[in-house]
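Trainee: Could we go through this model together, one question at a time?
Mentor: Gladly, let's put it on the screen.

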There are 2 protein chains.
Amino acid sequence: MTYCVGLLLKAGLVLLSDTRTNAGLDNISVYRKMFTFEEPGERVIVMMTAGNLSVTQTTLARLGEAVDDPEATPQTSIMRAESMLDVATITGEMLSHVTAETKARMDRMNQAATASMIVAGQRRGGRMRLFLIYPEGNFIEATDDTPYLQIGEHKYGKPILDRVITADTPLEEARKAVLLSMDSTLRSNLSVGMPLDMAIIETDALRVSEHRRIEANDEDFAAMSAAWSQALRDAFARIG
Amino acid sequence: MTYCVGLLLKAGLVLLSDTRTNAGLDNISVYRKMFTFEEPGERVIVMMTAGNLSVTQTTLARLGEAVDDPEATPQTSIMRAESMLDVATITGEMLSHVTAETKARMDRMNQAATASMIVAGQRRGGRMRLFLIYPEGNFIEATDDTPYLQIGEHKYGKPILDRVITADTPLEEARKAVLLSMDSTLRSNLSVGMPLDMAIIETDALRVSEHRRIEANDEDFAAMSAAWSQALRDAFARIG
C-alpha cells in the first residue's frame, strides 16, 4: 500500500509520499514514490505513484525515455508539453497504456495490477495545477473547493485535511497538516511506512522550493507526532 | 454501508451502531442494526449487523424463531446456550447458512451478498465477551490487548479508539470515545448516518444498563461534535 497526498494552495503546492512497498506481507521494501522533473524558471513537475510497482516504474521509465528522446515533441514529452493539462494527458495515456500491457499478462494468472498517480506542477505562463490520474488514464483536478488529492490508503489521513485545509492555508500550516495526515496513516496501516518524501513548490517559483526526505529517526517528525498524540488526548479529556 | 463498534472494558460493554442502509446511492433508508436479547439476571446479548440487509434480517429472524421454538435446545437457541462462546457459535452458523443460501441466488445474477456481526454479552456465571462474526461464520474475540471490534466502515473511526481506549477505560470516557469515533465516520462517509443506537452493559449487571437512540437533532451529540472539531483545530494550531 501507499499514501500520497498533494495540496493545491494559493501559496503553492505541498506534496508528501511514503516509500513502503510490499509484495505480500512478508516482502517489504523501500521505493521512492515521488519523482521530480524540473527546468528551473521554465517548468516544474512532481509526480507521485500508488499501486503496482511494475506498472508505476515502467510508466515513469517510459515518460523519462520520452523526455530524453532527441525527437521528443510537445505531444510526447512532459518537458515540452505546452501546459500542465497536456502533462496530465501524456502521463495518463502512458499509465493507461502500461496498465493495459500488464493486464494482458496478469489476466492469464487471474491477477490484477493497477496504479494511480498524482501529477502536480506549473509551466511558465500557466498556473499551478494538481491532478489525480486513474489507472484508465482519465484524471480529475484539485480546485478551490477541494484543494487536495490523495492516492493509496487515503481514509485515515482525510479527517485532518477536511478540518484544516482550505485554498488559503499558508505553506507552514499545510506542511504540518500533511505530516499529521501521514502520521495518522502510518499509525493505522503497517503497509504505509517511513521514510517520507516531501516537496514544496511555491507559487510561480517554477522550481522545487524544498525537497526533503524525512527518515524514520527524524526528531522533528517524532516530536510533532508525539505532540499531536498528546494534544488529541488532552482535547479528548477536556470535552464533555 | 454501516459503522458499528463494540468495546469490551473491565467496567462493561459499550456498543454503538448507526442506522443507515442503502440499496444504491439513491435508495437510502433507516434500519435498526442493534438487537437485544435479554433475560435480566440470567443473560444479556446485544448483536449488531453490517452488510447485506436481506442476509442480516433473515439471520436475526431465524435466531429469534429458534429462541421461540418450544423445542429449543442449548444447541439451537442463543437464550439457552451455555456460554457466550456457544452464542457466538450458533450465530456464526446461522449467518454462514443464510449467506450460503443467498449466495446461490446471487451467483446467478453475478452479485455478492455478505454480512458480518458483532455479538456481545454475558451469561450468569460467565464473563463478558465480545465477538466479531465473519460472513463465513468463524469469529474472533476482543481481548485486553485489543479491547474493541468494529464492522462496516471502520477506518475513519479507528484512530481515536487506538489513542484513548484500553481495557481500563471507564464507561463515561468509553461512551465519549465511541461517539467521537462515530462522529469522524459520519463526517467522512455519507453512507453512515443518524440516528444512532447505543447500549451499555455494566459488568455483571446481566441486563442492558442503558439503551439510547440518538436522533439526528440530538443537542448533546451536536455539542460534543462541535467541541471536538474546535478542540482539534485548537490542538492543530498549538503544535509546532
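What follows is a short conversation about symmetry, core, cavity and pockets.

Mentor: A word on conventions: this is a predicted model, where local features need pLDDT of at least 70 and side-chain atom pairs count only at pLDDT 80 or more, while totals for chains, interfaces and linings use all residues. Residues are numbered from 1 along each chain as its sequence is written, chains are lettered from A and ligands numbered from 1 in the order in which they are written, and side-chain values use heavy atoms, leaving out hydrogens and water.

Trainee: What relation does the superposition of chain B on chain A show?
Mentor: Copies are superposed by least squares on C-alpha atoms of residues with pLDDT of at least 70 in both. A rotation of 179° with 0.0 Å of shift along its axis brings chain B onto chain A, with RMSD 0.1 Å. That is the relation of a two-fold axis.

Trainee: Which residue of chain B comes closest to the rotation axis?
Mentor: Contact residues come in here too (contact means heavy atoms within 4.5 Å): 100% of those of chain B recur in chain A. At 2.8 Å, by C-alpha, the residue of chain B closest to the axis is B:Y156.

Trainee: What is the volume of the largest cavity?
Mentor: On a 1 Å grid over the protein atoms alone, a cavity is a set of points where a 1.4 Å probe fits but cannot get out, and lining residues have an atom within 4 Å of a point. The structure holds 1 cavity of 30 Å³ or more. Among the 14 lining residues, A:P159, A:S184, A:L232, B:P159 and B:L232 are closest to the centre of the largest cavity. Its volume is about 250 Å³.

Trainee: Which residues of the largest pocket's lining are closest to its centre?
Mentor: A pocket is an open set of points with protein on both sides within 12 Å along at least five of seven lines. The largest pocket holds about 430 Å³ of space. Of its 20 lining residues, the closest to the centre are B:T21, B:N22, B:G51, B:N52 and B:L53.

Trainee: Is B:A226 buried, partly exposed or exposed?
Mentor: Buried means under 20% relative accessible area and exposed over 50%, with partly exposed in between (1.4 Å probe, protein chains only). The relative accessibility of B:A226 is 46%, so B:A226 counts as partly exposed.

Technical notes. Grid points are joined across faces, edges and corners, and a volume is the space filled by probe spheres set on the points.
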